[in-house]
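Here are some notes for a colleague who is new to this structure. Please read them with the sequence and the model open.

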Amino acid sequence: MKAGICPYPGLRPFTEEESIFFKGRDLHIRQIVKMLEQNKMAFITGASGDGKSSMVYAGVIPYIRAGFSTAEYNSWVFCDFKPQRNPLESLAKSVSQQLQVPYDQVIERISNGFSGLVDVYKMSGFYVSDGSPDAKNRGKNLLVVADQFEEVFTMNENFHNGLPSNDSYTSVNVLLETIRLSIVENLPVYVIFTMRSDYISQCTVFRDLPEFVAYSQFFVPQLKRTEILQVIEQPALLAGGSVSSRLSEVLINNLTSGFDYLPVLQHTLNLLWKMADNGSKPLDIIHLVKIAGLPKDILGNNEREEFNRWYQQLPEYQKKYYEHPDLDNVLNAHAGCLYESAFDYYMSHADWADKTITPEDAKLIIKTAFTSLTKIDDNRQVRNRCTLSEITGIISKPEITSATVCAVLNIFRDEDNTLLRPFSVKGDLKTQYLGGDTVLDITHEALIRNWKMLSEWNHEEYENLNVYNDYNTQVQRWVDSGRNPKFLLAPGNYAIFSKWYDKCRPNKYWILKHDNTQRPEKEKIRTAANRMVLCEEYLQRSNEAIIAAEKSHRRKVVATISALLVFIAGLLIFSNWAMIEKEKAEEQKEIAENQKAEAEYQKDIADSLLQDVNKAKNIAQEMSDSLQVVVKQTIEAKLESDRARRQAIVALDSAERSNRRAERNLHLAEERRKEADKERQNVIEQMKLTAKANSEAARLYYVALCNTLAMKAKNQYEDKSLNLRLAKTACEMNRKGSENNKNADLYEAMLFALEQNKMIRPFKLDGGMAKSISVASDGTISTFDENGYIKKYSVARDGNITATKQLSDFESKVQMDNAVFATSSLIVCSAKDRKSYLIDLNKNVRIELPVDNDYVIAACSSPNRKQCAVAYTYGEVIVMPADGSSTPVAVKNFGTMITDIHLNGNNTYVLTHDGRLLKWDTQAGEVKTLLSSGGQRAFCMTEIPDKKMLAVCFSDGKVQFVNLSDDSLAERITGGHSKLENAVYSSETGILALSSADKRISLFNTNDLNDKPLVIEEHSLGNQKVKSMAFDNEGRLFALTDDNHLRYWETDPDKYAAVISKMNLAPLSDTEWDLILGREFAQK
Amino acid sequence: MELNLYKRKFKVFLAEVSPDMTAWRSRLSCVLNNAGIAVVPDLQTADCSIHLLGGQDIYSKDGKGYNTPAGSQFRTAKTLCSKDFKMFVWNPSDMLGADNQYINDIRRDIVENTVYSDKKSPIIFVEDIRNIMNFKQQESRRSEATDIFFLFNELDGDSALGIYNMLKDFQKVRKLGISLSSGIDYNPFVLSQLSESKIGVVYYDCASDWAVSFVRQIWKDSGGNSAKIPLFVIGNSQHAKLEQLTILKNIAECAINEQRRIPLDIKVFLDKTTKK
């Protein structure tokens, strides 16, 4: 984490970059994404400060980008815009930039409304509909975000006198049509709007917009207590800091619900983080007291003393903000302190600015700037974006330039304060110095509502505007009257307006700020300048007129009375003329009514005639209908007779066919009789054969009975001795039906019965996890564990394994990753640090191997034990001499993953993970492929020396035998039902043992590979996978399992049969026989 | 829009109060009853307890009511506070006496699983209780313990599966290919499975834009700097996007130089992590 990064952004919304700290809205984000998936749009509304923008930029977009939503293509393109002063242009700019289509083409298309945006998307290349398989990867889904959509209503350029501008209307039309087309054509195009809910009623001015809002509106819910807790605590935790529980509780309790609770909280947390040394200390209540958000009474004695010391060092202007500490006061105190210290900041930070202004000038600049950046809209205090030049113009002091204004305001734009946009970055002059046409904006309207000083300024500004509007009305009347002196100000009004004029000092920029008309900017400036000239002139003329008025007062009174008399006379003449005209009009009305009555009489006669004609027409229609009924009945009768004739013909045909079938059946009966005679002869012969088969069946019955008993012996019984008795009976039955005990089911039954009676027991290894085992010719079992210890064990006479010795000479401080016994006295191992070693137990030496960046996967000694081949997982193979030298005889990198290795003379056989068997002649350096990858992976192999074959095992359970004498392929058998992981061979017994991933060991007799193998089942392995296996000289199989247990089994079933047969066990009673095997077996 | 129906039934112990708070206690009891919350007489069988603060100090050692049932119940409840037992301290502030220092002391001592509220309305207070008692973390689903949780975008499916096939034969691995057109909400499963893994590995080749956003999202949801499971991001060095992740702790990045070495790099990272 970058030092000092603050997980709380303060008043500004979270950016996408900061999404990693955006918490508390997880559920709402998922709901919006679901809404988008279903409706192709989401209209997000909520109160000011509810975090709508943050939810989109730091919530929805990162969530979608991370792939947690459903869409047509695998990646996204995002076009976001704020309407600002021209929504169509803003949309076009974003679309042009993101879809990489020239701006001119975009604006031309979307200016015509409707499908304009969809057309641009389709031509952009991000929409792929050619049905190609990689369309998902080539295409990009489109998400359009119209953020702060209320600007369509708040900006005068967009909305004036209750009507939207043409551009606003077009932009809304384009967005709505885009959604509609996306739904109809199922396009991967989505639209999100964010808007303050208090503007929702105004949406009705756009056709269809209310329907779309109702279709997919998301009203941002108020955060619940648990969610606010996440907002407070989680970002700190994510950034490696913490928040004390008591601070969290204080913040939650002291938050006032309603407007601005989230911005106020975020701003407070931002200051708390900085106060706690950028999160290096846990955020606590003392920090809240220090930022004037809580009375100091809550602090304990020590903390209170610390606070008092800290407080004493504060400047006087700052102390007044601690008089009423409260969460709502934090933002007020912060902004107030910035206001007070702005001049000092300006003097010390802006080398490039003029330094001749006074502290009072600085305060005037701040006051003018902030009042310019706010306005009253429909009784709401809202933001009002302004350029730096406009603010400078309103200040209207020749010595104060845009650069000076910028430098004074920079403290509010500083990245640590972020109360004004655009923000500045410390040490970056480009962001500190702004041009005159840069648009400034208040970061969040919460500042307007919480900074008391700004509220007072706004109130004052509002009063000024009201007075100006009155004054301007007077000026306009004067102008409209052709500058008639009569419309100049009266002495009383003159006194009021001139006093206001001196105080407010309006200028053309100030007038411009309050111009709400929809006209070009230049025209507005010209009008404002003219208006300013008029205002000044009006005041001047009024003043002059008031002085002159005293002299001509009487004359004016007389003239006024005369004019009034003339007007009254004119009014009387006009009244007479109006009365005469009224009488004439009434006569005309009477004539017109007479004519109307005559016309109605004529109409009644015409209606009567029309009714007669209709009656005649109805009678004619009825006669025509009767005629049609008669014709229809005649046709039906004819059809009925035709149908009867056809049925008679069909019946005749059917009778003839039955006759022919009877004759054919007679012939067939004769043939069947002859066949039956032959069958009788066959049955007699088969009865003779059956007699022979009966004796074989009796033998097979015993085998079946043996198998059934074996199956039953593998069940769990309360009386464990029952397993043994069943197994013993199975052995007896087997003897009657078979010549040997190599019955796989019987073998499993014996194993199970002995395990149940603890006569076969696993041995738990002490200490670290063993990595590999080996059995020496004298029967000593060795293990090598993760700590480098070599432990020795032997099988006692009672069949139990006992530990005999431990060697710690090769103890390793770094844990061992893998170890392999090349022979019982030669170990190759690799540690977790990827260093590998060769340990010779006979010489008691350890040699570090030259490969130190990989893990050992396999090792093998040559038959004469003079060399040892070591394979590494990622392709390296080395052949080492067994004389203690650390210089390899041969080295080769095979460039692929290796799973096993076998050394035979000069040939090293390498088994690769992708299923190839390679033969490497270490002297000639040649590599020959003996076995190609058949799509299966391979993991192990073992030599069968007496047959000069290599058994290669695959992931599908198959085993391929390869002749070592001529490298030809021999038999291929099924060695298991899943991945084969270990293979060992006993020369003494000819048994090949294969362990598989399904936790079984199969024992194959290599003298007859078609024999069903004996299987050591999962339960015998304690439900564990085999890590390593080895045979001893007596044919016993030892296995090391993943649970660090050592197990062994006889591979000759006769040995277990002999043990069980010798046991003094009660025979199965009749009841047991019936219950376990069923009456059917008993009767037989 | 989903509604929280607060289906969890829980039991509340309403502690004794000082005489000046009796009326408040009765009112609160009625509100709890209307909210369908069971009030039980035994602190030990409850899921949470409620204690009212008033004008009399019955909780601190210096207070007159230290030995009253209310004081004793307050102290017992404090000892029970845990993930499964919450303690609610309610101070309807209008009832405060002149000296509220003991309340400041209690607020200073607030620890995890203790909730202090000074909302005057008992309805708002009970709403908060219901919300807190119904809050639950994401349930784990279909996850199982594994060494490596291997994540990739379907855009890089072929190369990712190659790596997975090599890894799975040597380590316990679970894989997840993210496909935007699948209609699956991956987030809960990813987080649940990640918590059951020793390391998370995010692999990308072509899908570099996705990978950066994905890693940031997962980093955030799994606890950021406080996360227990480290993430290993391994990406194509030609798409230099990894530097965007360098601000995040608990994430290791690795640029791919040699495709076949990726499983080894992952194993080395796993070894380093498990060794710690």
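1. Is Val184(A) buried or exposed? Val184(A) has a relative accessible area of 65% and therefore counts as exposed, where buried means under 20%, exposed over 50% and partly exposed in between, with a 1.4 Å probe and protein chains only.

2. This is a predicted model, in which local features need pLDDT of at least 70, side-chain atom pairs count only at pLDDT 80 or more, and totals for chains, interfaces and linings use all residues. Residues are numbered from 1 along each chain as its sequence is written, chains are lettered from A and ligands numbered from 1 in the order written, and side-chain values use heavy atoms, with hydrogens and water left out.

3. The largest nonpolar core (buried Ala, Val, Leu, Ile, Met, Phe, Trp, Tyr and Cys residues joined through side-chain atoms within 4.5 Å) has 135 residues, and those with the most contacts inside it include Leu143(A), Trp451(A) and Phe214(B). Helix H16 (residues 327-349) of chain A gives the most to this core, with twelve residues; helices (H or I, at least four residues) and strands (E, at least two) are DSSP runs, numbered from the N terminus.

4. Leaving aside residues up to four places away in sequence, Phe214(B) touches residues of both chains, among them Ala66(A), Phe68(A) and Leu151(B), a contact being heavy atoms within 4.5 Å.

5. A second, separate core of 47 residues includes Val77(A) and Phe159(A).

6. Chain B has eight helices and ten strands, and 54% of its 276 residues count as buried.
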